[in-house]
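Student: I would like to learn how to read the features of a protein model. Could we go through one together, starting with empty space inside it?

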Amino acid sequence: MSLLSDLINLNLSDITDKVIAEYIWVGGSGMDMRSKARTLPGPVRDPSGLPKWNYDGSSTGQAPGEDSEVIYIHKPFQDPFRRGSNILVMCDAYTPAGEPIPTNKRNNAAKIFGHPDVAAEEPWYGIKQEYTLLQKDVQWPLGWPLGGFLGHKGPYYCGTGANKAFGRDIVDSHYKACIYAGFNISGMNPEVMPGQWEFQVGPSIGISAADELWEARYILERISEIAGVVLSFDPKPIPGDWNGAGAHTNYSTKSMRDDGGYEVIKAAIAKLEKRHKEHIAAYGEGNERRLTGHDETADMNSLLWGVANRGASVRVGRDTEKAGKGYFEDRRPASNMDPYVVTSMIADTTILWKP
């Protein structure tokens, strides 16, 4: 084992009570993730025990140079990289005056999830995050010949074998790291396009689903960095007859999960249909390249729903139809969507909005 490996794997708890907190936030593009580390005098589990901090917002595209300090609010997870009592701290950002900055989508989501009518419905989410692993120097999918293509889709979805699944070591490391971190990751699988994978977060209640998805994205970025592979959330990384990448969002409320919930689900979908254009506009940049009506998508210009239909905008499971209660899947969000926006918008439309 090299000296570098020895140093990376140092267990600080053997010699000190001090811990390292890695503060993480969403950068100015709305998708780039930033972080920096801070030494704390001892273990911290409650967010109220974490010190507020600041960063140079002018260097992340989030604040002008003359007013560049942005304050953090926090949510801690176990750090799978440093391990021990060290933590990852998910943050949202504010101006020095206490106003949420434009890229802080969590603030508005917290207001929606904090509304008494929403809280009473206990909204559950399961988010299926698709992504593509790219070769670092050529920005081409992992496992593909340089500048070339593999055989037509078919053998790759949930496939096994060196000629079908590319990057499983990265994906499996991510899966275990998320479980170690302490949040609700419920599965993973290879996707239809080779080099493309999916993990699922949830079921999680309210805003915690979005917190956990952002944290899972950060951990995946770090593992991809270690592996020397580029992580892409582009909703259509390869043009043509290849599936794009989405973030399908399973959703239910207490009323949907109770007896008679199927009628509540149909009423909710009817409300989503009335605000379809508004949702599409907020569901991820470049989504028009993915939602074409082909490759397991519905055309983005209208909302189509159906039972067990993976080509629909909104899919209701066969088990939900049979039981007369359950959940539905919004298949419109792109892989690069902001989960704070998508989850809170679904709750707002289906619970709070009165057409």
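**Cavities, fold and backbone**

Tutor: The count here comes to 3 cavities of 30 Å³ or more. Keep in mind that this is a predicted model. The general idea is that rolling a probe the size of a water molecule over the atoms shows where empty space is left.

Student: What is the volume of the largest cavity?

Tutor: The largest cavity has about 100 Å³. Its lining is made up of 12 residues, and V26, C91, D92, T103 and N104 are the ones nearest its centre. Two elements, β1 (19-26) and β4 (87-94), each give two or more residues to that lining.

Student: Which element gives the most to the lining of the largest cavity?

Tutor: That is β4, with 3 residues. Sorted by class, the lining of the largest cavity has 5 nonpolar, 3 polar and 4 charged residues.

Student: Which residues line the second largest cavity?

Tutor: The second largest cavity holds about 60 Å³ of space. Among the residues lining it are H248, R290, E296, D299, A312 and R332. By class, this lining has 4 nonpolar, 3 polar and 5 charged residues.

Student: Now the whole protein. How many helices and strands does it have?

Tutor: There are 10 helices and 12 strands. The radius of gyration is 21 Å, close to the 20 Å that the globule rule gives for 355 residues, so the protein is as compact as a globular protein of that length. Along its principal axes, the C-alpha trace spans about 60 × 50 × 40 Å.

Student: What share of the residues counts as buried?

Tutor: Of the 355 residues, 52% count as buried. The protein exposes about 15,900 Å², and carbon and sulfur atoms supply 52% of that area. As for contacts with a separation of 6 or more, 64% are between residues 24 or more positions apart.

Student: Where can I see parts distant in sequence come together?

Tutor: Take V341, which sits in helix α10 (residues 339-352). V341 and A109 are 232 residues apart along the chain, yet their C-alpha atoms are separated by 6.7 Å. Leaving out residues up to four places away in sequence, V341 touches K105 and A282.

Student: Which residues of helix α2 are buried?

Tutor: In α2 (residues 106-114), the buried residues are N107, A109, I112 and F113. Their cover includes β4, α3 (116-121), β5 (124-135) and α10. So two elements come up again: β4 also gives residues to the lining of the largest cavity, and α10 is the helix that holds V341.

Student: What should I look for in the backbone?

Tutor: Look for exceptions to the general pattern. Most residues other than glycine have a negative phi, and most peptide bonds are trans.

Student: Where is there a cis peptide bond?

Tutor: A cis peptide bond joins G202 and P203, with omega about 0°. P203 lies in strand β7 (residues 196-205).

Student: And which residues have a positive phi without being glycine?

Tutor: C158 is one of them, with phi about 55°. C158 is in the loop between β5 and α4 (168-181). Another is E296, with phi near 65°, in the loop between α8 (276-282) and β10 (305-307).

Student: How does the relative accessible area class C158 and E296?

Tutor: Partly exposed means between 20% and 50%. C158 has a relative accessible area of 41% and is therefore partly exposed. E296, at 40%, is partly exposed as well. E296 also helps line the second largest cavity.

Conventions:
Residues are numbered from 1 along each chain as its sequence is written. This is a predicted model: local features need pLDDT of at least 70, side-chain atom pairs count only at pLDDT 80 or more; totals for chains, interfaces and linings use all residues. Side-chain values use heavy atoms; hydrogens and water are left out. On a 1 Å grid over the protein atoms alone, a cavity is a set of points where a 1.4 Å probe fits but cannot get out, and a pocket is an open set with protein on both sides within 12 Å along at least five of seven lines; lining residues have an atom within 4 Å of a point. Grid points are joined across faces, edges and corners, and a volume is the space filled by probe spheres set on the points. Helices (H or I, at least four residues) and strands (E, at least two) are DSSP runs, numbered from the N terminus. Ala, Val, Leu, Ile, Met, Phe, Trp, Tyr, Cys and Pro count as nonpolar, Asp, Glu, Lys and Arg as charged, and the others, Gly among them, as polar. The radius of gyration is taken over C-alpha atoms; the globule rule is 2.2 Å times the number of residues to the power 0.38. Buried means under 20% relative accessible area, exposed over 50%, partly exposed in between (1.4 Å probe, protein chains only). Contact means heavy atoms within 4.5 Å. Accessible areas come from the Shrake-Rupley method with a 1.4 Å probe; for residues, only the protein chains shown count as cover.
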